[in-house]
Amino acid sequence: MKRIIAPSLLSANLAFLHRDIIMLNESEADWLHIDIMDTTFVSNISFGFSFTKYVKKYSNKPIDVHLMILEPDRYIKIIKNSGANNVHIHYESCIHINRTIFSIKEYGMKVGIAINPNTPVFLLKDIIKYIDFVLLMSVNPGFSGQNFIENTFKKVNETKNLIIDNYSSALIEVDGGINLGNSSILFKNGANILVSGTAIFSSPDPKKVIHNMKL
Ligand code: DX5
Ligand code: ZN
């Protein structure tokens with residue numbers, strides 16, 4: 001199966017955002033990952049929906065939006081209008097998650113459920129059939145540059161089994177602390193999509209890191 005790399009713009013140089021988007025257009029990156037935060041679900045603020053709109057304007061890649069916000073169902077329409085292709089909502093942030101999943105689908109976007117490092121995979125049992133992605137957080141959400149939590153390897157296996165057991169076509173995405181030291185083993189273990197910020201943007205040659213992460 002294809003190995004998908006989604007660079008996280010949280011680590012881009014925002015003073016030169018256009019330059020970084022053009023660099024990613026020319027790279028082997030598959031999607032652009034945008035982290036939206038609300039200061040409450042996570043203790044940080046990043047970008048809003050107008051940011052997504054401008055990225056979409058200059059990027060030639062699908063936009064993968066990761067919502068780290070409470071009650072994301074309030075924003076589905078505005079997210080659609082901002083140009084998002086995929087939307088990830090946190091299991092921990094939704095009261096009526098089934099309704100939110102179907103609302104995202106009705107707007108024609110793909111839907112992923114993100115789970116925090118300490119949220120068990122089995123909680124997804126009743127919704128795994130309806131979603132396009134499981135986004136396993138391999139750091140505590142809110143900040144780039146954190147260390148990869150090793151327990152994620154086990155969770156990739158558990159997610160793979162859950163998908164197989166329920167005849168789901170969901171893909172497994174992993175986000176946080178991904179670098180050239182763990183990317184290949186994650187792909188080999190069953191991850192389909194890797195989100196990476198610091199390892200890509202702190203390199204003098206981001207395109208090469210993206211290329212090497214797919215090997
Ligand atoms: C963390 C974000 C990640 C983050 C990854 O809350 O969801 O997408 O940008 O950055 P690195 O790769 O630096 O951990
Ligand atoms: Zn993210």
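Me: In this predicted model, how far is an oxygen atom of ligand 1 from an N or O atom in the side chain of D175?

Reply: The model is predicted, and in it 19 residues lie around ligand 1, with S8, G142, D175, G197 and T198 coming nearest. For D175, the contact is made by an N or O atom of the side chain, and the distance from that atom to an oxygen atom of ligand 1 is 2.7 Å.

Me: Which residues offer a backbone atom to an oxygen atom of ligand 1?

Reply: A backbone N or O atom of one glycine, G142, lies 2.6 Å from an oxygen atom of ligand 1. A polar backbone atom of another glycine is 2.8 Å from an oxygen atom of ligand 1, and that residue is G177. The residues asked for are therefore, taking each contact in turn, G142 and G177.

Me: Which residues are the protein donors of the zinc ion (ligand 2)?

Reply: Along the chain, the donors follow the spacing H-x1-D-x30-H-x108-D. They lie 2.1 to 2.3 Å from the zinc ion, with NE2 serving in one histidine and ND1 in the other, and they are H33, D35, H66 and D175.

Me: What arrangement do the six donor atoms around the zinc ion (ligand 2) make, and why?

Reply: The protein donors include OD atoms of D35 and D175. Around the zinc ion there are six donor atoms, and because the angles they subtend run from 69 to 169°, the arrangement is octahedral.

Me: How many residues apart in sequence are the parts that D35 and H66 tie together?

Reply: Both D35 and H66 are protein donors of the zinc ion, and both are buried. D35 belongs to strand 2 (residues 32-37) and H66 to strand 3 (residues 63-68), so the pair ties together parts whose separation in sequence is 31 residues.

Me: Is N86 buried or exposed?

Reply: N86, which is found in strand 4 (residues 86-90), touches W31, I63, D64, V65, K110 and F133 when residues up to four places away in sequence are not counted. Its side chain also joins that of D64 through a polar contact of 3.0 Å. The relative accessibility of N86 is 4%, and because buried means under 20%, N86 counts as buried.

Me: What elements are included in the cover over the buried residues of helix 5?

Reply: Helix 5 (residues 152-165) has 14 residues and reaches 20 Å from its first C-alpha to its last, close to the 20 Å expected. Its buried residues are T152, F153, K155, V156, T159, L162 and I163. What covers them includes strand 5 (110-115), strand 6 (133-137), strand 7 (171-175) and helix 6 (183-189).

Me: Which residue takes a positive phi just after helix 5?

Reply: Helix 5 covers residues 152-165, and the place to look is just after it. There a phi of about 50° is found, and the residue that takes this positive value is Y167.

Me: Where is T39, the residue whose phi is near 70°?

Reply: The phi of T39 is positive, in a residue other than glycine. With a relative accessibility of 43%, T39 counts as partly exposed. Its place is in the loop between strand 2 and helix 2 (49-58).

Me: How far apart in space are K77 and S103, C-alpha to C-alpha?

Reply: K77 has its place in helix 3, and at 52% relative accessibility K77 counts as exposed. In sequence K77 and S103 are 26 residues apart, whereas in space the distance between their C-alpha atoms is 9.1 Å.

Definitions and conventions:
Residues numbered from 1 in each chain as written. Chains lettered and ligands numbered in written order. Predicted model: local features only at pLDDT ≥ 70, side-chain atom pairs only at ≥ 80, totals over all residues. Heavy atoms only, no water. Helix = DSSP H or I, 4+ residues; strand = E, 2+ residues; numbered from the N terminus. Expected span 1.5 Å × (residues − 1). Buried < 20%, exposed > 50% of the residue type's maximum accessible area, 1.4 Å probe, protein only. Contact = heavy atoms within 4.5 Å. Donors = N, O, S within 2.8 Å, 3.2 Å for Na, K, Ca; no water. Tetrahedral: all angles 85-135°; square planar, octahedral: opposite > 155°, others 65-115°. Near = heavy atom within 4 Å. Polar contact = N/O pair within 3.5 Å; in protein donor to acceptor, adjacent residues only side chain to side chain.
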